[in-house]
Every structure is written in structure tokens, then in C-alpha cells.
Amino acid sequence: MTTKVVKPKVVKPKVVKPKVVKPKVKHVIQDIVIENEEVKITISSKVVKIRINPNHINEFIDKIKEIDEDDYHIIKVSEFKENRISEEFNDWKYEYKNDATCYFHYPLYEFSINKNTNKILSEIFNKKHVSSQSLWYKKQDLINDLNPDIDDTKGKHQNRFTIYVITKGRWETNYTIKSLLNLGIENYKVVIETQEVDNYIKSGVDKEKIIPFEKEDKQNKSGIPVRNFVWDYSIKQGEKYHWILDDNIENFYRWNRNKRTIVKSGFVFTHIEDYTMTKTNVVMSGMNYHFDNPDIDYGRDLMIKNTRIYSCILIKNDIPKLEEKWRGLYNEDTDLSIRILKHGYGTMLFNNYLCGKKQTGKIKGGNQELYKNYSNEGYKIKTLSLIEQHPTLVKFKNLKNKPDHHQVDYSSFKENSLHL
């Protein structure tokens, strides 16, 4: 009889790996060579971004050295860099005849503050309380050199295509009309619903510039009917393009070398007209908003291709692939921009010429009733409508005080050609 040998079970000792604690990295501020310009501070929670006037960089570094090293650490330091317009726009002859610099990357310090954020920032900026999210460290005037070939004299530059201002319920302000008059613009028309014409005349609007508009569908509170009326009216006048402007534009600006300057003549319109006409596949162009291009902005080219065009729009009258012009009730400018791009056309949104549009919902009139006084409910209705029209491109975007705003992904159109 064979005895079964039972081998003892070998128990391997459990290896306990020591917990690896990554040491906190301390970044030492080093002197950097900066040749020019500014800086600003933006506070986001405990992460602080500071853009600095290079003339005071050493002073700023000394301030930081006074802070306890346990209270902060540097995340990023970037030097001053000059940006020139991309080669694609080298034929932009009006803006940069001798110098193609259109914006700067300013010196940037980004660091996290571990505790007592306000105390530390107060020490840096010599203030009792730092609450603003847009502070400069030693503010310095920026540069905006107008090309001497551009005559910025009132009335000197006149747009070839008619500017149509559509307005409703805003005869007490007339922002856009006054802005055009300040530039000496002569070729413009004001399109007003018939029942409001007398109010606008009494407010000082030139009767000869008014085109009365009789809305057939009285229940339609949107601006779609008047926009289509303008488009058809322009075609009847034999025009190849037309401008259509909202009625809440207070000023027009030139943005150059990170500075916005109010212009005095209409070259912002004539130059966009001239440049748009050289791009044979571009059927829609216009000016960006002045609040989207702050003075400190350091990441924009002269113009953005194939994106949305709002409020100050130049439209080609003949767009063969476009089955409908303006449509729907809400976000008509976003919808039209998307449909134009879906058909393979190009758009151009200019950053060097800007319109000073008043913030939506801040003045009475316009689409206030349709958008429920621009309440969160109104924004939600707008966004849902746009999602229904373009479900693969639009989604909700939470903005401060506007939790139901829309966001559109235009990346799929970036390769749309500007030429046929």
C-alpha cells in the first residue's frame, strides 16, 4: 500500500508595496526676457493667471518672493511673443502694409494659491480686497496704429452695398442708426413695422431712409419675416450683396495689437466688402462682437473662417444651394450660418473690425417678448429649437446667468474652401 504524500501548501508572503507620495513640486520664478507690452490677472477659484507689464516684471517677481512658499506653486510661465497674421491672409492690404503684427502673447504667470487667496493677492496688488477677475499688474496703454493709407475721416469711406437696419420698439435709443451717422454713412435704410414708423420719425430718424414693413402674420413675434423682406427687397434693387444689422449696435471698432479703438469712418464696411468679394465661395461675412475681443486677448487671427455670423452681416443675395432664406422663430442667425456651411459655402468672421453690440436683453424692444424677457426659460426654448434643427452640432452650454444657452460645434466645416 502506497502512502500518499501531501505536500505542504506554500504560502507566499504578501508583498506590500509602499505608497508612493508624489512630492509637491515647487517652481521657482526665474527672470524672463520680455521685449514689450502688458499683463493682466484673472482669478478662477484658487488658480491665478497674471499678465504683466514687462516694465514691471522684476517688481512683480519681488512681490511673489515675499509670499510663503507653502502657499502657492507656479503652474506655468510664458514669455512675450509677437503674433503676425497667418500667410493665408497676407493679401489683406488695408491693415498691415508695413507691419503684419496683429496681436501679442503677453507674459503670463499662472500659479495656484493653496490658502488665503485674497490676502496674497491683496499683498501683490496693494489693495485691501481683490475681487475682479480682470486686473492688470501695472496697466499700460496698448498700441493701435492705424495704417496711414486708411483715411479715418468721417464720411470718407462709403459702403457700396446698402446697410439695412431692422428695428422694433427702440425709437427711444436708435443705437445703430446713430452709430452709422457718426461714421458719415449715407447708404443705409431703416426697416420699420408700419405701426411704429411715426414714432421713429418723431425720434429724429430721417423719413427718406425709412422702408415701412407690413407684417402679414401679426402673431409671428420673430424677426424672420422682416429679414426675408429685406433680402427680397435688396434683390429687387439689383444688389449682389446686402448688409443687415441689428438695432442695438452702439459703436464700431478696429481691433489691432490687442486694442479696440472706435472708428470714425465707414472703412470697416468697405474693407470687409472688398475682401469678401475676393473669396468666391464666401456668401456670408461680418464683424465679431467687441466683447468677444477684449484688449488682452492673445489668441486670435485677423479673421475666423467658417463659423457663425451674428448681428452685423454681409450676405450674398444669390446662394444657389440654399433652399430657404431666414426660417424658424429662434436663433435665426445661427441656423442660417450652419445651413450655409452644411452646403459647403464659406463664411468669414472678422476680428479686426468689431461691432459694439449692446448685451442681449439689456434694452427693451427687439425680441424681448418672443424670448420671454431673455429669462432662463427663454434661452432654453431657443436652444431646444436649435437642437431640433441641428441635433448633431448643437448642445446646451452652461454660462453664468444663462444656464440654458447653446453651443455649436463648427469644427466639421473648417475645411470649407473660401474659393469655388
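These are legends for a set of close-up views of one predicted model.

**View 1. The whole chain, to get your bearings.**
Start with the full model, which is a prediction. The chain is built from 8 helices and 19 strands. It has 420 residues, and 50% of them count as buried. About 22400 Å² of the chain is exposed, with carbon and sulfur atoms supplying 48% of that area. Looking at contacts with a separation of 6 or more, 76% are between residues 24 or more positions apart.

**View 2. Two nonpolar cores.**
How many residues does the largest nonpolar core have? The count is 56, and the residues with the most contacts inside this core are F252 and F269. Another core lies apart from it, made of 22 residues. Look for F213, V230, L336 and I340, which are among the members of that second core.

**View 3. Strand β11, covered on both faces.**
Now zoom in on β11, which spans residues 241-245. Here 5 of its 5 residues are buried. One side of the strand carries Y241, W243 and L245, the other carries H242 and I244, and both sides are covered.

**View 4. The partners of β11.**
Which strands pair with β11? Strand β8, at residues 163-167, runs parallel to β11, with 3 bridges between them. Within this pairing, V165 has L245 of β11 as its bridge partner. Strand β16, at residues 312-316, is antiparallel to β11 and is joined to it by 5 bridges. If you want a landmark there, find H242, which stands opposite I315 of β16.

**View 5. D247, a buried acid in a loop.**
Go on past the end of β11 and you reach D247, in the loop between β11 and β12 (249-256). Is D247 buried or exposed? D247 is buried, because its relative accessible area is 5% and buried means under 20%. Its side chain makes a polar contact of 2.8 Å with the side chain of T167. Another polar contact, of 2.6 Å, links the side chains of D247 and R170. Setting aside residues up to four places away in sequence, D247 touches V165, I166, T167, K168, R170, Y175 and T176.

**View 6. Two cysteines without a bond.**
This view is about C312 and C355. A disulfide is a covalent bond between the sulfur atoms of two cysteines. How many disulfides does the model have? The count is 0. For C312, the nearest cysteine sulfur is that of C355, 5.0 Å away, and C312 is in no disulfide. The reverse holds too: C355 is in no disulfide, and its nearest cysteine sulfur is that of C312, 5.0 Å away. C312 is buried, with a relative accessible area of 0%. C355 is buried as well, also at 0%.

**View 7. S311 and N331, two residues with positive phi.**
S311 sits in the loop between β15 (303-305) and β16. Its phi is near 70 degrees, a positive value in a residue other than glycine. S311 is buried, with a relative accessible area of 2%. For N331, look in the loop between β16 and α7. N331 is not a glycine either, yet it has a positive phi of about 50 degrees. At 4% relative accessibility, N331 counts as buried.

**View 8. Helix α7, wrapped up by its surroundings.**
Why is helix α7 (residues 332-342) described as largely enclosed by the rest of the structure? Because 10 of its 11 residues are buried. Those buried residues are E332, D333, T334, D335, L336, S337, I338, R339, I340 and L341. You have met two of these names before: L336 and I340 are among the residues of the 22-residue core. Just after the helix comes G344, with a positive phi of about 90 degrees.

**View 9. K395, a partly exposed lysine.**
The last view shows K395, in strand β18 (residues 394-399). With a relative accessible area of 48%, K395 is partly exposed. Which residues does K395 contact, leaving aside its neighbours within four places in sequence? The list is T383, I387, H405, H406 and Q407. V408 is 13 residues away from K395 in sequence, and their C-alpha atoms are 6.7 Å apart in space.

Notes: Residues numbered from 1 in each chain as written. Predicted model: local features only at pLDDT ≥ 70, side-chain atom pairs only at ≥ 80, totals over all residues. Heavy atoms only, no water. Core = buried A, V, L, I, M, F, W, Y, C linked by side-chain atoms within 4.5 Å. Buried < 20%, exposed > 50% of the residue type's maximum accessible area, 1.4 Å probe, protein only. Helix = DSSP H or I, 4+ residues; strand = E, 2+ residues; numbered from the N terminus. Pairing = 2+ DSSP bridges. Disulfide = S-S within 2.5 Å. Contact = heavy atoms within 4.5 Å. Areas by Shrake-Rupley, 256 points an atom, 1.4 Å probe, with all protein chains shown as cover. Polar contact = N/O pair within 3.5 Å; in protein donor to acceptor, adjacent residues only side chain to side chain.
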